[in-house]
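Here is a short report for a reader new to this structure. It starts with a question and then goes through interfaces and aromatic rings.

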Amino acid sequence: MQIVSMHNITKIFPGTKALDSVNLSLGEGEILSLLGENGAGKSTLMNILYGIHHPDEGEIFFREKQVDIRKPMDAIHLGICMVHQHFMLVPAFSILDNIIAGAEPKFGPLIDRKKAYDRVKGLIDKFHFNLDPNVKVSELSVGEQQRVEILKALYRDAKVLILDEPTAVLTPGEVDDLLEMMRNLRRSGTSIIIITHKLRETLAVADRIMVLRNGVLIRDDIKPEDTNIEELAHLMVGHSINLDLHREAEHVGEVGFEVRDLSITENGVQKLNNINFKIHKGEIVGVAGVEGNGQTQLLEAITGLASPDSMTVMLNGEPLTGDAYSFLHRGVVHVPEDRLSMGLVPDLSLKDNAILGHHDKPFAAKHGLVQKENIAAFTEKCIREFNVKTPNSDVLARALSGGNQQKLIMARALSEESEVLVVAQPTRGIDVSASEYIHEQIFQYRDKGKCVFLVSADLDEVYQMSDRLLVLFNGEIVLECKPQDYTKEELGEFMLGARKKESIPFAKEADD
Amino acid sequence: MKKLVMIVLALMLTLGVFACSTPAANNTPASNEPEGKKTVKIAYTSGKKGDNGYNDEAWQGLMEAKEMYDFEYVSAEVDNTDPVATEALIRGYAEDGVYDAIISVGTGIDTPTMAVAKDYPDQKFILIDSYCDAPNIMCIGAISAEQAFLSGVLSGIITAGGYTDVVKMSNDTPLISYCIGMDNPDQRAGASGYMAGVKYVNPDVEIRYTVIGGFADPVTAKEVTSNNIALGADICTGNCGAGALGILEACKENGAYFISTSPSTTDYDFSLCTSLKLTNVGVRLAVQAAVENKFEAGTHRNGIASGYCEIGLDGIALQYPQEILDCLEAVRQSIKDGKLVTPDDLTQIDSWVAANHLDATQFGVKMGK
Amino acid sequence: MNKKKFFHISREQWKRALNKVMVSAVSFIASIVIVGIVIWISGYSPIETYVSMVKGAFRSQTSIALVFSEATPLLFTGLAFAIAFRVRLVNVGIEGQMMMGALVGAIVGHFVTFLPHIPHVFFTMLIAGLTGMVIALFIGFLKVKLGANEVIISMMLNSIFTYIGSYLANGPLRAKVTGVAQTEIIQETALLSKLVPKSQLTTGYLIGLFIAIVLAFILDQTVLGYKIRIAGNNRIAGETYGIKATKLYYIAFMISGFVAALGGSIMTQGPITRFSDGAVAGYGFQGISVAALGAYNPLGVIFSSFLYGVLRAGSYTVNRTTNIPYEFVDVIQVMVVVFVSAPQIIFSVKKWFKKRKTAKPKHLPDSPAPAPDQNQ
């Protein structure tokens, strides 16, 4: 029996047809994986089901009755719940409070906490979520927070659970836990739609796979057992792409960038403890680790944004000191981890964004006046060379898709002379073809004999891109290795602190 | 977007039409009107009405004048602490060019009026309570000394000690507390009027005189007054704007009597009387000057004779015996008759008191126990 | 050719500018309509009121001069607020800065007697402006170094400066012959010349226009303006790429304080001719409304201050010729702030209109059949 079916859904946004007559059906207790690149329409489709958007055409049936879902509350009443990529939790509240907020069991005018606790505890035990309802959300890991979000849905009697990019922020171990949880839910009759572009997980958990491309339904009857990653990628993108990222470094030169004795204490907590590493010219050094183990502090320190307790940075054998400005102008360019808050000014034009950081270079400014013509030319060059899809260079940065925003940031970083590229989360939330493009650019940059420092929460990415890997746990480098010497599972153990530091004679290996 | 353009265009058109069509209507100065019975037109400005005080009183004067004289008026309100708005308003009336006189009530409107008067030399301006010198500005104000003179006489009688049954006195040494806001000629004149009034009937009274240093400082006024009451003052008065509230509070707390300069700060249980300056009389005089063609540039001060200054006893809880009222009436009459001239400055008091003395007992007033 | 490129405005920029103009225009019109309803409820005719306002504002050369003279202080405070707001600073301290500018202008204008006309005018304005700059810098210092909230600090400072001004006007600097708290009239040499005879309009308005154009130029054409736009839109991104917001806070506060105090001095050197307690009160807060209506753009502020000039000049006519309480003009100004700062109201109204428009074609999917028929 179909729990949800959507017929001929069409949604037109000004200028584009986001969805063109798309059908979707979901069975009771089925896990449906919705695949597609960014902009393929999968989020729009789910937003329609969840009542955020309203379709221009088409009908939605819930348990074979036609329904009109105008707002998320309508969806929730039907039992359709969505877990967003960005969690909507109050960090200062306990898990229990977060879950019951808005649907508190009442005892007169008061909240019946006993009843609430019992129910939440019951759900946790039933699905083996392994959480204590009284712990504050601020103390939870990302994976645990996601479980709270799912619990929130279950607490509201979700029959259909929509998960938007659920694995984007999880470590491999956490991903396995999540997949297991999903299977548990399926067993109890919950239907799940998972929006993703992670093909491996799709294959692991889905009962059925549905692929959207440019607002059009390509296939919705793919069985995981009958397909493979290459085929899915092909279906998504429309052409075949290279999924094996790794390219050997060819010309590893002398040490270009070196960090010594880096320690940072924030609010009395040791965030980084005596970090030392070197990057050779023509080499990508990647950092793997669960988010929150000091990556942010490390990035801030080596781009001059934070002032550590102690640190010596050597660039081409010369000491590098000062603030973000000096680092930038000595050639340490930065692609920050959070595009929208750190990398771009969403409400300004592409031109304004393109010269961010270059704004007082001679081509952009003369005698304190901005050189609009040169800036326009520079922006055009960035757009052309990095294949940024945009109508023109005057549109606001927020109008671009995530992938194009990231391409613009990369273009900005690499279009002017530089020595070291510090790049964080280069492909987070970005579709496959844009990711491929960005990876290619990073390789090309390395092959010009430059240093690349890569931080990513996506272990696959770090594993495949890096020539050398650092594993960061609790503010310390617990492992330095060549990626091929360890399996991803082994690395996961290091990332979670399950395996202790092995003595890698850092100095010896780095100097050879 | 097209709509927006249309709206803007429509708006501009309307503005344009008004801009072209109106000047003709205003170019009819009063003097050009046909002969015969010409109605006098007056423009009137004051502070915001509804203050239960000064501005309402002035408005009442205009209404009284309306009963007495034949004229038309237009009126407007403006905050007199905003010289820019005041000037704009008065300038607007002057530009209209149809008013025989522009009467403006309030302090501090001299500078704005001067600026307009310079540009419109043929327009007559009459100011009440603001003073300046221009060939087309007439200033009407009170004789400050006379405003408080009768209050002074009453205070002198009371402090002599013959009426402790009517007005309770705490001790035998007569002492009066007097606060002024600023040390300027006008304020000094007011103070000397009061002091002269006291000593006119009772030369032995000591008056403690303090300059507060501002017109918005009830705290200091209260402090000074409380101190004086502790020294034995039974009557406390002053002329210091909002400071009056501080004096009144000190009187209430320590059981002394208060004399205010405005009905708005009069407390019927604690006030001995009120030293009135009747703004409505001023407005009446201004209208009269306009209607009866008695406009005369320069400053015109009016006092008890014209009824501009008066002692206010209405509503006061204290019941004064007839002989006191008779005595006050006699003093009022001798000022009206010009027999008695009040001193204008503190330095003149001693010689004035030496030359002028009223034996109040002739009216049956008890001077002393 | 080169010049054309220099001021080249692309389609996208036009679209965004028009959008902003639309928000302001709709806010303004909506405020006028709402206040019109209030006037109507109070028992007066809104049409008559507005007509007599506009008539009054445009009836003669001098009344048009009044429009601009009323716009003058608002132009300065509007610009002062707008420039600070471009780095997301809420400088409500312009009220106090303007007042101190007016006070210092009165002091320098009165006590400096050795300077000839033009130098005296500019010297007075300069010292007054610098005073405002120092005050604003102090607020900036408290914000940047001590993490104080600039709104609270400047509100407190406003009170302090109001009392300082009041004290000086009542006490040490009080004019000899005067009924109210004001200083002596400044020297003739420090007075700005009248732009239109028989009016309050002085060359100060031109100075305001000049400053607006300079600020617009700075924002659009200079690296400083670029940094201000970056820091104002996304402080973190700016700092990631070496644009220090704190430095820009100082600069924006300095410009804002300078312009506000300059406006105060121009009032002293223009229509007021002295410092009078309370004479420039309120312009600072009205400046917030002016800046908001002008979309925080210096050129927009020229227009919005002009509109308010019309309103205020017109309100004098209403005051003079009718019994309608002219305070409704203040209500319009406040309503404008409400609408402009909550543009969502306007957008939702727009959406609602759109929905109504598209309500009919919504049935189209039901009747796609006729099309093939026609083909046959």
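## A charge over a ring

Which residue lies over the face of Tyr241(C)? Arg412(A) does, at 4.3 Å from the ring centre. The model is a predicted one.

Another charge and ring are found on chains C and B. The charged end of Lys198(C) sits over the ring of Tyr120(B). The distance to the ring centre is 4.5 Å.

## Where chain C meets chain A

Contact here involves 28 residues of chain C and 38 residues of chain A. The area buried between the two chains is about 2700 Å². Carbon and sulfur atoms give 58% of that area. On the side of chain C, Tyr226(C), Thr240(C) and Tyr241(C) supply 27% of the area buried against chain A. No other three residues of chain C supply more. Tyr241(C) is also the ring under Arg412(A).

Three salt bridges are counted between chain C and chain A. Asp352(A) forms a salt bridge with Arg229(C), and their closest N and O atoms are 2.6 Å apart. The polar contacts number 14 residue pairs, both residues at pLDDT 80 or more. Which elements of chain C give two or more residues to this side? They are helix H1 (2–6), H2, helix H8 (204–221), helix H9 (223–233) and helix H10 (235–240). The largest share, six residues, comes from H9(C).

## Where chain C meets chain B

Chain C puts 41 residues in contact with 38 residues of chain B. About 3300 Å² is buried between them, and carbon and sulfur atoms give 57% of this. Which residues of chain C lose the most area to chain B? They are Arg59(C), Lys198(C) and Arg320(C), together 22% of what that side buries. Lys198(C) is also the residue whose charged end sits over Tyr120(B).

Three salt bridges are found across the interface of chain C and chain B. Arg59(C) forms a salt bridge with Glu95(B). The closest N and O atoms of that pair are 3.3 Å apart. Polar contacts between the chains come to 11 residue pairs, both residues at pLDDT 80 or more. The elements of chain C that give two or more residues here are helix H2 (11–41), helix H3 (46–57), helix H4 (61–85), helix H11 (245–272) and helix H13 (298–321). H2(C) gives the largest share, five residues.

## Aromatic pairs

How many aromatic pairs does the structure hold over all chains? The count is 18. Why is the pair of Phe277(A) and Phe453(A) stacked? Their planes are at 10 degrees, and stacked means under 30 degrees. Their centres are 4.9 Å apart. The pair links distant parts of chain A: Phe277(A) in strand S14 (residues 269–280) and Phe453(A) in strand S22 (residues 451–455), 176 residues apart. Phe277(A) counts as buried because its relative accessibility is 0%. Phe453(A) is buried too, with a relative accessible area of 0%.

In chain B, Phe149(B) and Tyr200(B) form a tilted pair. The centres are 5.8 Å apart and the planes stand at 45 degrees. Phe149(B) lies in helix H6 (residues 144–159) and Tyr200(B) in helix H7 (residues 185–201), so the pair ties together parts that are 51 residues apart in sequence. Phe149(B) is buried at a relative accessible area of 0%. Tyr200(B) counts as buried at 7% relative accessibility. Chain B also holds a cluster: ring pairs link Tyr44(B), Trp59(B), Phe71(B) and Tyr73(B).

Conventions:
Residues numbered from 1 in each chain as written. Chains lettered and ligands numbered in written order. Predicted model: local features only at pLDDT ≥ 70, side-chain atom pairs only at ≥ 80, totals over all residues. Heavy atoms only, no water. Phe/Tyr/Trp six-rings, centres within 6.5 Å; stacked < 30°, edge-to-face > 60°. Helix = DSSP H or I, 4+ residues; strand = E, 2+ residues; numbered from the N terminus. Buried < 20%, exposed > 50% of the residue type's maximum accessible area, 1.4 Å probe, protein only. Lys NZ or Arg CZ within 6 Å of the ring centre and 35° of its normal. Contact = heavy atoms within 4.5 Å. Buried area = accessible area lost by both parts, 1.4 Å probe. Salt bridge = Lys/Arg side-chain N within 4 Å of Asp/Glu carboxyl O. Polar contact = N/O pair within 3.5 Å; in protein donor to acceptor, adjacent residues only side chain to side chain.
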